[in-house]
Amino acid sequence: MSADKRIPVTEETRKELHELKEPGQTYDDLLKQLAQQRRRRDLERRFQELEDADRDELTSLSDV
């Protein structure tokens, strides 16, 4: 069972979302897609930070 909720946005934001929305796509689908992209970008950024930290802490084999 789903409940519809209203999310107040400015007219400018609504227009931007409308431009991003593909024909036949619902705003719900668009927002899910944007949220997934954001989570993926945040995860990629976190992995990059971890990789960079590991690189700084590891000793090169040629230095051993």
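Over the ring of which residue does the charged end of Lys 21 sit? The ring is that of Tyr 27, and the charged end of Lys 21 lies 5.1 Å from its centre. The model described here is predicted. Its protein chain has 64 residues, with two helices and zero strands.

**Fold and surface**
- The secondary structure of the protein chain consists of two helices, and the count of strands is zero.
- The helices include α1, which covers residues 11-20, and α2, which covers residues 27-57.
- Of the 64 residues in the chain, 5% count as buried.
- The exposed area of the protein chain is about 6,500 Å², and 51% of this area is supplied by carbon and sulfur atoms.

**The largest pocket**
- The volume of the largest pocket is about 410 Å³.
- Its lining includes Ser 2, Ala 3, Asp 4, Lys 5, Ile 7 and Val 9.
- Arg 14, Leu 17, Tyr 27, Asp 28, Leu 30 and Leu 31 are also among the lining residues.
- Both α1 and α2 supply at least two residues of this lining.
- The largest share comes from α2, with four residues.
- Sorted by class, the lining has seven nonpolar residues, four charged residues and one polar residue.

**Aromatic rings**
- Tyr 27 helps to line the largest pocket, and its ring has the charged end of Lys 21 over it.
- Aromatic pairs number zero in a search of the whole structure.

Key: Residues are numbered from 1 along each chain as its sequence is written. This is a predicted model: local features need pLDDT of at least 70, side-chain atom pairs count only at pLDDT 80 or more; totals for chains, interfaces and linings use all residues. Side-chain values use heavy atoms; hydrogens and water are left out. On a 1 Å grid over the protein atoms alone, a cavity is a set of points where a 1.4 Å probe fits but cannot get out, and a pocket is an open set with protein on both sides within 12 Å along at least five of seven lines; lining residues have an atom within 4 Å of a point. Grid points are joined across faces, edges and corners, and a volume is the space filled by probe spheres set on the points. Ala, Val, Leu, Ile, Met, Phe, Trp, Tyr, Cys and Pro count as nonpolar, Asp, Glu, Lys and Arg as charged, and the others, Gly among them, as polar. Rings of Phe, Tyr and Trp (its six-membered ring) pair if their centres lie within 6.5 Å; planes under 30 degrees apart count as stacked, over 60 as edge-to-face and the rest as tilted. A charge sits over a ring if NZ of Lys or CZ of Arg is within 6 Å of the ring centre and within 35 degrees of the ring normal. Buried means under 20% relative accessible area, exposed over 50%, partly exposed in between (1.4 Å probe, protein chains only). Accessible areas come from the Shrake-Rupley method with a 1.4 Å probe; for residues, only the protein chains shown count as cover.
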